[in-house]
Each structure stands twice: as C-alpha cells, then as structure tokens.
Amino acid sequence: MSAKTTESNDSPITSTLTRRGFVKIGGALFVSLAFPAGFSVKAAESQTSLDPTLPASWLEVRSDNTILVRTGRTETGTGMSGYYAQAIAEELNVRPEAISLLMGDTDKTPDGGYSAGFLTGMSNVRKVAAYTYQTLLGLAATQLGVPVSGLTVTEGIVSGGGKSISYGQLVQGQHLDLKIPVTGQPAKADPVAWVGITSLDGFTVTGDPPLKPVSQYKVIGTSYPVPSIPDKVTGKTQWSCDVTLLGMLHARMV
Amino acid sequence: MANELTLSVNGSKHVVASAPDTPLLFVLRNELRLTGPRLGCGMAQCGACAVLLDGEEVRACITPVSYAVGKRVTTIEGLPYVWAEEKGLSADDAAKTLHPVQQAWIDEQVPQCGYCQSGMMIAAAELLAKNPNPTVAQIKDAFTNKPPSPHLCRCGTYTAIIDAVQRAAKAMKASRERMS
C-alpha cells in the first residue's frame with residue numbers, strides 16, 4: 001500500500017506509507033526518514049553513533065495507544081522534554097502525557113544536530129507529527145468508511161459517521177512504515193572542521209503537511225510540567241560524566 | 001594506602017577500601033555509585049557536591065572520606081529516608097516518598113539543567129531542619145553567606161529556589177500539624 005498523505009496539491013513533497021506486514025501481537029506505525037535521491041549513505045556503513053540511518057524511526061504510534069518520539073537532541077534544561085511533547089501532542093490531537101521521548105542517545109535516535117534551537121527543533125518534530133496525523137486520518141477514513149473531511153479527533157480517538165477508533169486500534173496487527181522527506185547531511189567526524197564535526201545542523205523535515213491552526217490549540221499555551229524534572233530532584237538523571245561502560249576503569253571527556 | 005573504612009550512607013552501612021584522604025565525593029560517586037552529588041569546581045566554591053554529615057552541610061569535594069567515618073552521610077538519594085524517618089514511615093513507604101523539598105522542587109519546576117540542584121536541595125533541607133519557617137532574607141542568607149561559599153546556579157534558578165523553599169516549609173509545617 002502506498003498513499004499520498006498530504007491532500008493539498010501545493011506541496012510537491014509527500015510522505016509515503018507502506019505496510020511492511022501484519023503481526024499477531026501489537027502493531028505500530030513507524031515514522032522515519034526518507035533520504036533524498038543521491039543521498040550519500042556511506043555513513044550507514046561506518047556504524048558510528050553519528051550514523052543517522054540506523055535508527056528505526058522518529059516516532060512510533062503503538063497499538064497500546066502510546067507514542068514514542070526519538071530525537072537526537074537532549075534536554076539541557078531549556079524544557080525541550082516538555083515542549084517537544086506539547087508540540088507533537090498538539091498536531092496529533094493527543095495529551096502530552098501519552099508521549100514518551102527518547103532523547104540524545106544517538107545510537108537509538110536520528111541525528112538531531114546540536115541541542116539548541118527551540119525554533120528549528122520544534123518545527124521539525126511538529127512537521128513529523130503533522131505528517132503522521134494525516135496518515136492516521138487516512139487509515140481511519142479507510143477503517144470507518146468515512147471521508148477524512150468527516151472525521152474529528154479527540155485525545156487519540158478518531159470519530160466519524162457515528163463510529164470511532166483509537167490510534168492504537170488503527171495500527172493493531174500491522175507494521176506500517178511512513179517515510180518523511182528530509183534534507184540535510186549526516187553529521188560526521190572531520191578533524192579539519194569546526195569542533196571536529198561537519199553537518200551539525202542535523203536533518204530538516206521538508207514539505208508542507210497541513211498544520212493545526214493556532215486558534216485550535218489546546219495543549220500549547222497551557223502549563224505542562226517538564227518531564228525531566230522528577231529524575232533531576234531524585235538524583236536519577238545521568239549526565240555524561242555519570243555514564244559508565246562495561247569494563248570501564250576511567251574515562252575523560254575530550 | 002587503601003584501608004577499609006565503614007561509612008553510614010543514607011541509612012546503610014558500606015565498607016569501602018579507599019585512602020583516608022580521598023575526597024568523600026569520589027567515594028560516593030565512584031564506589032557507591034551515588035551520582036546525585038556532583039563535581040563542580042572541586043574547591044568547595046560552588047555547592048554542587050553538598051551532602052549532609054550528621055545533618056550539617058559539607059562540601060564532599062574537599063571533605064576527606066575519613067572525616068565521614070562514624071557520621072551519618074545523606075545525599076540527595078537519601079533525602080526521602082530522612083523525611084520518612086521523621087514521619088515514622090516503613091522502609092517500603094520511604095522508597096515511594098519524596099522529601100518535601102524534592103516535591104517542592106518539582107512543583108515549582110525549579111531545575112533547568114539541574115546540575116547544581118542536588119546541592120541546592122541539600123542546603124534547603126539543612127536550612128529547614130534548623131529554621132522551619134525562614135523569611136526570604138533568611139533563605140537568601142543561607143544560600144549565599146554560609147561558608148564556605150554561595151551555592152551557584154548558572155541557569156539562574158534562584159527565584160524559583162526561594163519559592164520552593166517556602167513551599168517546602170509550608171508543606172512540612174502542615175504535615176507536622178497533621179501528625180501532632
């Protein structure tokens with residue numbers, strides 16, 4: 001199955017949804033990067049933590065109605081762990097509590113570039129969520145037999161034509177892949193470059209998926225406690241100086 | 001040379017093999033894996049490493065481990081147990097509770113990067129144990145003028161800290177009134 005997920009004709013770039021297969025238990029919609037034609041994937045062979053092509057996805061909508069978001073950026077105290085969840089929740093029409101974030105572990109996340117920039121980072125995750133939302137609407141339209149224009153979504157439940165279905169039910173028993181168009185180059189070590197790394201900007205999501213109008217915002221603009229704070233007040237948060245690796249005797253940051 | 005020292009940390013006994021002049025902070029972090037106390041300046045000038053020794057704040061980065069022998073060491077990880085003990089809670093309940101200072105730090109959303117906040121909460125716990133109802137001036141005084149140095153926060157969370165200390169003071173007072 002392949003479907004355009006943007007309805008408007010004003011964007012030449014669209015995301016692509018494929019069903020990789022059916023599964024007996026669980027199910028999920030995986031959202032990942034569609035690299036431009038001619039994109040160098042040499043980094044994929046290097047198996048380093050800077051490799052952007054290894055991570056499975058930016059976002060997963062799971063059959064238990066949880067949503068996992070992966071970002072290479074870290075919570076450095078600016079509240080990103082709160083406002084990323086808020087921005088994604090807004091576009092997906094779910095509560096921010098439904099979203100868990102995996103941040104900064106670039107062995108498991110896409111390359112996010114440097115951990116700065118509310119505006120660029122927010123714009124990226126917002127677009128990822130918007131593409132995903134359009135895909136979920138498309139799936140719901142098929143399941144419910146109601147056109148997308150006749151659907152409404154409240155806290156992850158899609159309703160239309162007197163019927164309703166949750167995001168989790170939409171992906172139940174399936175393994176769906178949504179490819180999001182991006183531009184950018186993977187970061188890679190380069191001893192000559194500034195701080196020894198090139199392409200620190202990470203990837204930028206392209207295209208213009210329909211975004212929720214500000215007038216309809218329910219989550220952004222309301223108070224949402226920063227999810228990273230409880231671990232900081234109990235001493236559980238790990239800083240880079242707290243990381244130990246198997247067999248490690250001593251380590252020094254360079 | 002390394003010899004065996006017995007420490008009482010967060011209510012548990014630990015035997016460590018460390019040279020007596022090893023900084024307490026290194027023993028807590030590297031031997032006992034208590035990473036709440038943090039290495040900031042390493043010269044007792046920032047407060048990130050603060051722990052309680054028999055209820056008194058010390059800077060663990062310059063305190064020899066031998067000085068902690070025979071005293072009760074409390075790190076940020078152990079603050080819930082301090083409160084649980086005062087409340088007479090069981091060990092199981094203690095593991096599920098937070099010290100009112102920690103809860104106030106969440107409620108006031110104090111931490112930004114959070115690196116200094118372990119020391120800030122240790123200082124707050126010490127202050128409130130000695131002065132259950134401090135004024136804003138007394139809070140500022142405790143965090144800035146108490147030797148050996150002010151507690152520093154480069155994120156600039158100072159006003160939130162003052163609010164959180166006052167919130168914790170109210171919560172502790174209310175809790176004690178309920179108990180009595």
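Here are some short exercises with worked solutions on a predicted model.

**Exercise 1. Get to know chain A: how many helices and strands are in it, and what share of its residues is buried?**

Step 1: Start with the secondary structure. Chain A has five helices and twelve strands.

Step 2: Now look at burial. Of the 254 residues in chain A, 46% are buried.

Step 3: Check the surface too. Chain A exposes about 13100 Å², and 57% of that comes from carbon and sulfur atoms.

Step 4: Finish with the contacts. Take those in chain A with a separation of 6 or more: 70% of them link residues 24 or more positions apart.

**Exercise 2. Find A:Thr132: where does it sit, and is it buried or exposed?**

Step 1: Locate the residue. A:Thr132 belongs to helix 3 of chain A, which covers residues 118–144.

Step 2: Compare its accessibility with the cut-off. Buried means under 20% relative accessible area. A:Thr132 has 0%, so this residue is buried.

Step 3: See what surrounds it. If you skip the neighbours within four places in sequence, A:Thr132 touches A:Leu29, A:Val31, A:Leu59, A:Val61, A:Leu92 and A:Leu178.

**Exercise 3. Work out what the salt bridge between A:Asp242 and B:Arg38 joins.**

Step 1: Check the pair. The side chains of A:Asp242 and B:Arg38 form a salt bridge, with 2.5 Å from N to O.

Step 2: Place both ends. A:Asp242 is in the segment after helix 5 (229–234) of chain A, while B:Arg38 is in the loop between helix 1 (24–31) and strand 3 (50–53) of chain B, so this pair joins two chains.

Step 3: Ask how covered the two ends are. A:Asp242 has 1% relative accessibility and counts as buried. B:Arg38 has 2% and counts as buried as well.

Step 4: Put the pair in context. Over all chains, the whole structure holds 18 salt bridges.

**Exercise 4. Follow the salt bridges of B:Glu126: which parts of chain B does its pair with B:Lys146 tie together?**

Step 1: Begin inside one helix. B:Glu126 and B:Lys130 meet in a salt bridge of 3.2 Å, N to O. Both are in helix 5 of chain B (residues 117–130), four residues apart, which is about one turn of the helix.

Step 2: Compare the two ends. B:Glu126, at 4% relative accessibility, is buried, whereas B:Lys130, at 51%, is exposed.

Step 3: Move on to the other partner. B:Glu126 also forms a salt bridge with B:Lys146, at 3.4 Å from N to O. B:Glu126 is in helix 5 of chain B and B:Lys146 is in the loop between helix 6 (136–144) and helix 7 (158–179), so the pair ties together parts that are 20 residues apart in sequence. B:Lys146 is partly exposed, at 27% relative accessibility.

Step 4: Widen the view. Through shared partners, salt bridges link B:Glu56, B:Glu57, B:Arg59, B:Glu126, B:Lys130 and B:Lys146 into one network.

**Exercise 5. Describe how helix 6 and helix 7 of chain B pack.**

Step 1: Pick what to report. Two packed helices are described by the angle between their axes and the distance between those axes.

Step 2: Fill in the values. For helix 6 and helix 7 of chain B, the angle is about 115 degrees and the axes are 10 Å apart. The crossing is right-handed.

Step 3: List who meets whom. Helix 6 of chain B brings B:Val136, B:Ile139, B:Lys140 and B:Phe143, and helix 7 of chain B brings B:Ile161, B:Ile162, B:Val165 and B:Gln166.

Step 4: Sort these residues by class. The contact has six nonpolar, one polar and one charged residues.

Notes:
Residues numbered from 1 in each chain as written. Chains lettered and ligands numbered in written order. Predicted model: local features only at pLDDT ≥ 70, side-chain atom pairs only at ≥ 80, totals over all residues. Heavy atoms only, no water. Salt bridge = Lys/Arg side-chain N within 4 Å of Asp/Glu carboxyl O. Buried < 20%, exposed > 50% of the residue type's maximum accessible area, 1.4 Å probe, protein only. Contact = heavy atoms within 4.5 Å. Areas by Shrake-Rupley, 256 points an atom, 1.4 Å probe, with all protein chains shown as cover. Axes fitted to C-alpha atoms, helices over the stretch in contact; angles between N-to-C directions. Left-handed = near helix turned anticlockwise from the far one by under 90°. Nonpolar A, V, L, I, M, F, W, Y, C, P; charged D, E, K, R; others polar.
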